[in-house]
Structure formats: C-alpha cells, structure tokens
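Me: I've got the sequence and the model open. Can you walk me through what's in it?

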Amino acid sequence: MANVLFYTFALLTLVSALLVVVNKNPINSAMFLLLSLVGMAGLFVMLDAALLAFVLILVYAGAVVALFLFIIMLLDTTPGGFKPFRKLTMVAATIGGLLLALGAHTVTINVPKIAAPLHAAPSLKNYAGMLFTTYLLPVQLVGFLLLIAMLGVIVLSKKFAPVEDVK
Amino acid sequence: MNPVSLETYIAASAILFVIGFVGVLLRKNTLVIYMCLELMLLASTLALVAFSRFQGTLDGAVFVFFILTIAAAEVAVGLAIIVALFRRRHTVQVEELNALKN
C-alpha cells in the first residue's frame, strides 16, 4: 500500500518536474511546478513529516507559485524556447552528470541498507522543542533575514526619482 | 509502516535534482530558470527529510524549515530583480542579457 502511494507521488513529482522543464509557456511551467509541489508534499507525508508538507504547500504553493504567476502576468513575456546547444553547456552537463553518478555510486555503496525507519514518528512537540531550544538563534536570524529581504524588495521595486529632479 | 527504503527516496531526490539542473542549463527564460532552481532546492529538502526520518533525529527536518524560509525570501528578491531588469532591458531571455560580455 505504502509502496503504491510512494510511487504515485514520486511519479507525480518527477513527471511534473519534467513538464516544468519542457513546457514552452512559462504559465504552464508554473502550474506544473504547483503539481510537482503537491507530489512532494505527499512524499513528505509518507516520511511522517506532515507539518513540513503543510508548510511546503503553504509557502511554496501559496506564496512562491502565486508570486511567479503574478510576475509572468506583469511582464507579459513571449514564450521562450530552448537555448541553442553549445559546447559549454555540453561540458557543464558532463561534469554535472559525472558528479551525480559519483554521488549515487557513493550512496548505494557506502550507506548501510536501511529498509525502514527505526524510530517513532516525530510529533509536533518535538519540532517546537527543537526550534525553540537548540535552533533558537537561527530562528531569530531567519526572521531578520526575512525583514532584510522585504526591505530589499521594496528598494528594488521602488522607482526612485532621477538625481537631477531631487536637486 | 514504511517499506520504502532510504535509497529509493534518495534516488527520487537525485532524479529531481537532475531535472532541475537540465532545466537551468537548457532554458532561455529567466523565470523558468528560476523555477528549475526551486526544483533543485526541493530535491535537496526531500533528501534532508528522508535522511532525518531514517536516522531518527529531527535536525534535518528542522533544517528544511530554514531552507523553506530562505527560499521564500530568495524568490521574493530574485523576482524583484527580474522585474527591475525587465523595466530596464524589456526582456527576460538570458541570451539577450549580455551587457557584461566582452
């Protein structure tokens, strides 16, 4: 049962991710990104991380994809195709592929086979305890980071008057 | 309870990462490149959650919280930059943005 669910969600995630890449229209890409996120949230639930799945849907599907759609609507861009295939792309792809093959090889060789998680599923209480004790300082820093990002976005999108006009 | 093994999750995450990587390499539209970057980020979060679950420690899952927060901030700033770029150059296709070339 769990196997069927896993393969359904994994297939949903991967196929929609592939469609994000191959779609010519950016709006379709954003929609398939949304579908890919739903599959990913399903995988998170299968890993007993329902809270993370919830946060993923809330942050990514609710904020990020909506933002993408807004920007596509604002910019009104022409649907762009693929870059012409160049030598540099080939080199980058080869290096990336080799690194990935090395990583996959290391994972399959060195990791002891773990068929199932040995421990009980974490509860919401565990997350809260961890976030507000061990990781209290990072939580505060991330809050500041969000504030700085907000200020940065305001500065970036505000139209400043030219210097001559200010004088 | 969870008969799917750790390697299967890592394989799924690796394939997702490769798909995102290929998209970054091949696509012309800056917005789609950005979406592919998000896919790569998601692949890393899947690996983190899987490792954390199978190891029985929560640190990986807590890190995913931070990754999600930072990804949200990054998307906001990145899209603001793309909008500013579009205002100035009237294009978001990467091969037309070659002011720093030569």
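Reply: Chain A has seven helices and zero strands. Bear in mind that this is a predicted model.

Me: How many helices and strands in chain B?

Reply: Three helices and zero strands in chain B. From the N terminus on, its elements run α-α-α.

Me: What is the radius of gyration of chain B, and what would a compact globule of 102 residues have?

Reply: Chain B has 17 Å, whereas a compact globule of 102 residues would have a value near 13 Å. The C-alpha trace of chain B spans about 55 × 25 × 25 Å along its principal axes.

Me: And burial? What percentage of each chain counts as buried?

Reply: In chain B, 47% of the 102 residues count as buried. In chain A, buried residues make up 22% of the 167 residues.

Me: What about long-range contacts in chain A?

Reply: Take the contacts in chain A between residues at least 6 apart in sequence: 55% of them join residues at least 24 apart. For chain B, residues 24 or more positions apart account for 47% of the contacts with a separation of 6 or more.

Me: On to the interface. How many residues of each chain are in contact with the other?

Reply: 70 residues of chain A are in contact with 60 residues of chain B. On the chain A side, the elements giving two or more residues are α1 (2-22), α2 (26-46), α3, α4 (87-110), α5 (124-132) and α6 (136-157).

Me: Which element gives the largest share there?

Reply: α3(A), with 12 residues. By class, the side of chain A that touches chain B has 52 nonpolar, 15 polar and three charged residues.

Me: So how does α3(A) sit against α2(B), parallel or antiparallel?

Reply: Roughly antiparallel. The axes of α3 (residues 50-75) of chain A and α2 (residues 30-55) of chain B cross at roughly 175°. They come within 12 Å. An angle over 145 degrees counts as roughly antiparallel, which is why the pair gets that label.

Me: Which residues meet there?

Reply: From α3(A), Leu52(A), Val64(A), Phe68(A), Ile71(A) and Ile72(A). From α2(B), Leu31(B), Met35(B), Glu38(B) and Val49(B). This contact divides into eight nonpolar, no polar and one charged.

Me: And α2(A) with α2(B)? What angle and distance?

Reply: About 5°, with the axes 11 Å apart. The two helices are therefore roughly parallel to each other.

Me: Which residues make that contact?

Reply: On α2(A) they are Pro26(A), Ser29(A), Ala30(A), Leu33(A), Ser36(A), Met40(A), Leu43(A) and Phe44(A). On α2(B) they are Leu31(B), Val32(B), Met35(B), Glu38(B), Leu39(B), Leu42(B), Leu46(B) and Val49(B). The split is 13 nonpolar, two polar and one charged.

Me: Let's do the core. How many residues in the largest nonpolar one, and which have the most contacts inside it?

Reply: 65 residues. Those with the most contacts inside are Phe44(A), Met35(B), Leu46(B), Val49(B) and Ala50(B). Elements from both chains give two or more residues: α1, α2 and α3 of chain A, plus α1 (6-26), α2 and α3 (59-89) of chain B.

Me: Which gives the most?

Reply: α2(B), with 15 residues.

Me: Met35(B) keeps coming up. What is Met35(B) in contact with, leaving aside its neighbours within four places in sequence?

Reply: Val20(A), Ser29(A), Ala30(A), Leu33(A) and Phe68(A).

Me: Switching to backbone. What about the phi of Asp48(A)?

Reply: Asp48(A) has a positive phi of about 60°, although it is not a glycine. Most residues other than glycine have a negative phi. Asp48(A) is in the loop between α2 and α3 of chain A.

Me: Is Asp48(A) buried or exposed?

Reply: Buried, because Asp48(A) has 20 other C-beta atoms within 10 Å.

Me: And where is His90(B)?

Reply: In the segment after α3 of chain B. The phi of His90(B) is also positive, about 60°. His90(B) has 10 other C-beta atoms within 10 Å, so this residue is exposed.

Me: Last one, Val15(A). Where does it lie?

Reply: In helix α1 of chain A. Val15(A) counts as partly exposed, because it has 15 C-beta neighbours inside 10 Å. C-alpha to C-alpha, Val15(A) and Gly97(A) are 20 Å apart in space, and they are 82 residues apart in sequence.

Technical notes
Residues numbered from 1 in each chain as written. Chains lettered and ligands numbered in written order. Predicted model: local features only at pLDDT ≥ 70, side-chain atom pairs only at ≥ 80, totals over all residues. Axes fitted to C-alpha atoms, helices over the stretch in contact; angles between N-to-C directions. Helix = DSSP H or I, 4+ residues; strand = E, 2+ residues; numbered from the N terminus. Parallel < 35°, antiparallel > 145°, perpendicular 65-115°, else oblique. Contact = placed C-beta atoms within 7 Å. Nonpolar A, V, L, I, M, F, W, Y, C, P; charged D, E, K, R; others polar. Core = buried A, V, L, I, M, F, W, Y, C linked by C-beta atoms within 7 Å. Buried ≥ 20, exposed ≤ 12 C-beta atoms within 10 Å, placed from the backbone. Rg over C-alpha atoms; globule rule 2.2 N^0.38 Å.
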